[in-house]
Amino acid sequence: MLKPYYNSDAIEAGLDEVGRGCLAGPVVAAAVILPRDFTHSYLTDSKQLTKMQRLDLEKDIIREAVCWAVAEVDNLEIDRINILKASFLAMHRAVDKLRMKPEHLLVDGNRFTPYPLIPHTCIIKGDAHYFSIAAASVLAKNYRDELMSRLSGQFPHYGWETNVGYPTIHHRKAIGLHGPCPYHRMTFRLLKPDCDQGMEEELEDLGFL
C-alpha cells in the first residue's frame with residue numbers, strides 16, 4: 001500500500017512526468033493534490049498498470065482529488081531547452097494550473113528545478129511509494145497516450161498508437177524509411193539505437209526492451 005503523504009503539515013501536491021525518453025511528441029506532467037485520508041486498493045506506478053486500469057483510475061482520481069492539472073512542453077521547446085529542463089518546466093506548468101496553491105511539492109525522481117516559494121522533496125521511484133505521485137503518473141500517461149494516438153492518425157508510419165513515440169525498432173525503422181515529421185525531437189538520436197541509461201530504464205519499465 002502506498003503512503004498518503006510525505007509532509008502531514010502541508011497541502012502537498014504530487015508531481016510526475018511521462019515521455020522523457022520519447023523521440024516524438026511532448027513531455028507531459030501532472031500535479032495532483034489528494035485528500036489526506038485518500039487510499040486506493042491498486043493505484044501505483046502507471047507503468048505497472050494496464051491501460052484499462054489506468055483509465056478506471058483516472059475516473060477515481062478526478063473524482064477524489066482536491067485538485068489536479070496536466071501540462072505539456074512540446075517537441076520544439078524540448079529541442080530549444082533540452083529534455084531535462086523541459087521535464088521540470090512541464091511540472092512547473094502543471095503546478096501553475098492548480099486551482100489551489102500547494103505548500104509542498106513531492107516530485108518523482110532525484111532532481112528538480114525549485115518552484116518559486118514552494119519547498120519540494122524528490123523521491124526516487126516516488127510513483128511506487130506515494131499516492132499523489134502515482135496519481136500524477138496515471139493522469140500524465142493517459143493524457144499523453146491519447147494525444148500520441150490522435151497524432152498517429154496524421155502520421156501512421158511510426159506506430160505511435162502503440163509505441164507512443166518511444167524509440168522502438170519499428171519507430172526507428174519508420175524514421176529511416178519516411179524521415180522525421182514535425183513532431184519529432186530533432187536533437188534526439190532518431191536513427192541510432194544507442195540511448196542514455198535513463199532512456200534505457202524507461203524503455204525497459206515500459207516493456208519495449
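## Arg54 and its partner in helix H4

Arg54 is a buried residue, with a relative accessible area of 8%. In this predicted model, the charged side chain of Arg54 has a partner: Asp145 forms a salt bridge with Arg54, and the closest N and O atoms are 3.5 Å apart. Because Asp145 belongs to helix H4 and Arg54 to helix H1, the pair ties together parts that are 91 residues apart in sequence. Asp145 is buried as well, at a relative accessible area of 18%, which is under the 20% cut-off used for that label.

## Helix H1, side by side

Helix H1 is a good place to look next. H1 has 14 residues and reaches 20 Å from first to last C-alpha, close to the 20 Å expected at 1.5 Å a residue. Which residues of H1 are buried? They are Arg54, Leu57, Asp60 and Ile61. These residues cover an arc of only 120° around the axis, so they sit on the same side of H1. An α-helix has 3.6 residues a turn, so residues three or four places apart point the same way.

The buried residues of H1 pack against E2 and H4. On the face turned away from the buried side, H1 carries the exposed residues Lys51, Met52, Lys59 and Arg63.

H1 also holds a salt bridge between Asp60 and Arg63, with 2.9 Å from N to O. Asp60 and Arg63 are three residues apart in helix H1, so about one helical turn separates them. The two partners differ in exposure: Asp60 is buried, with a relative accessible area of 19%, whereas Arg63 is exposed, at 54%.

## Asp127, Lys47 and a small network

The structure holds eight salt bridges. One more to pick out joins Asp127 and Lys47, whose closest N and O atoms are 3.7 Å apart. This pair links distant parts of the chain, 80 residues apart: Asp127 is in the loop between strand E5 (120–123) and H4, while Lys47 is in the loop between E2 and helix H1 (51–64).

How much of each partner is accessible? Asp127 counts as buried at 4% relative accessibility, and Lys47 is partly exposed, with a relative accessible area of 27%. The pair does not stand alone, as Asp45, Lys47 and Asp127 are linked in a network of salt bridges.

## The nonpolar cores

Now for the nonpolar side chains. The largest nonpolar core has 40 residues, and the members that touch the most others are Leu15, Leu105, Phe112 and Trp160. At least two core residues come from each of strand E1 (12–18), strand E2 (27–33), strand E3 (67–73), helix H3 (83–97), strand E4 (104–108), helix H4 (131–152) and helix H6 (169–178). H3 gives the most to this core, with seven residues. In soluble globular proteins, nonpolar side chains tend to be buried together.

Leu105 offers a close-up of the packing. Setting aside residues up to four places away in sequence, Leu105 touches Ala13, Leu15, Val95, Phe112, Tyr115, Ile118, Pro119, His120 and Thr121. There is also a second, separate core of 20 residues, which includes Val28, Phe38, Val138 and Leu139.

## Helix H3 among its neighbours

H3 has 15 residues and reaches 21 Å from its first C-alpha to its last, close to the 21 Å expected at 1.5 Å a residue. The buried residues of H3 are Ile83, Ala86, Ser87, Phe88, Ala90, Met91, His92, Ala94 and Val95. Their packing partners are E1, E2, E3, helix H2 (75–81) and E4. Val95 in this buried set is also among the residues that Leu105 touches.

## The whole chain

Stepping back, the protein chain has seven helices and five strands. Along the sequence they follow the pattern β-β-α-β-α-α-β-β-α-α-α-α. Of the contacts with a separation of 6 or more, 65% are between residues 24 or more positions apart.

What radius of gyration does the chain have? The value is 17 Å, which agrees with the figure near 17 Å for a compact globule of 209 residues. The C-alpha trace spans about 55 × 35 × 30 Å along its principal axes. Buried residues make up 53% of the 209 residues.

Conventions: Residues are numbered from 1 along each chain as its sequence is written. This is a predicted model: local features need pLDDT of at least 70, side-chain atom pairs count only at pLDDT 80 or more; totals for chains, interfaces and linings use all residues. Side-chain values use heavy atoms; hydrogens and water are left out. A nonpolar core is a set of buried Ala, Val, Leu, Ile, Met, Phe, Trp, Tyr and Cys residues joined through side-chain atoms within 4.5 Å. Buried means under 20% relative accessible area, exposed over 50%, partly exposed in between (1.4 Å probe, protein chains only). Helices (H or I, at least four residues) and strands (E, at least two) are DSSP runs, numbered from the N terminus. Contact means heavy atoms within 4.5 Å. A salt bridge is a side-chain nitrogen of Lys or Arg within 4 Å of a carboxyl oxygen of Asp or Glu. The expected span of a helix is 1.5 Å times one less than its number of residues. The arc is that of the directions from the helix axis to the C-beta atoms. The radius of gyration is taken over C-alpha atoms; the globule rule is 2.2 Å times the number of residues to the power 0.38.
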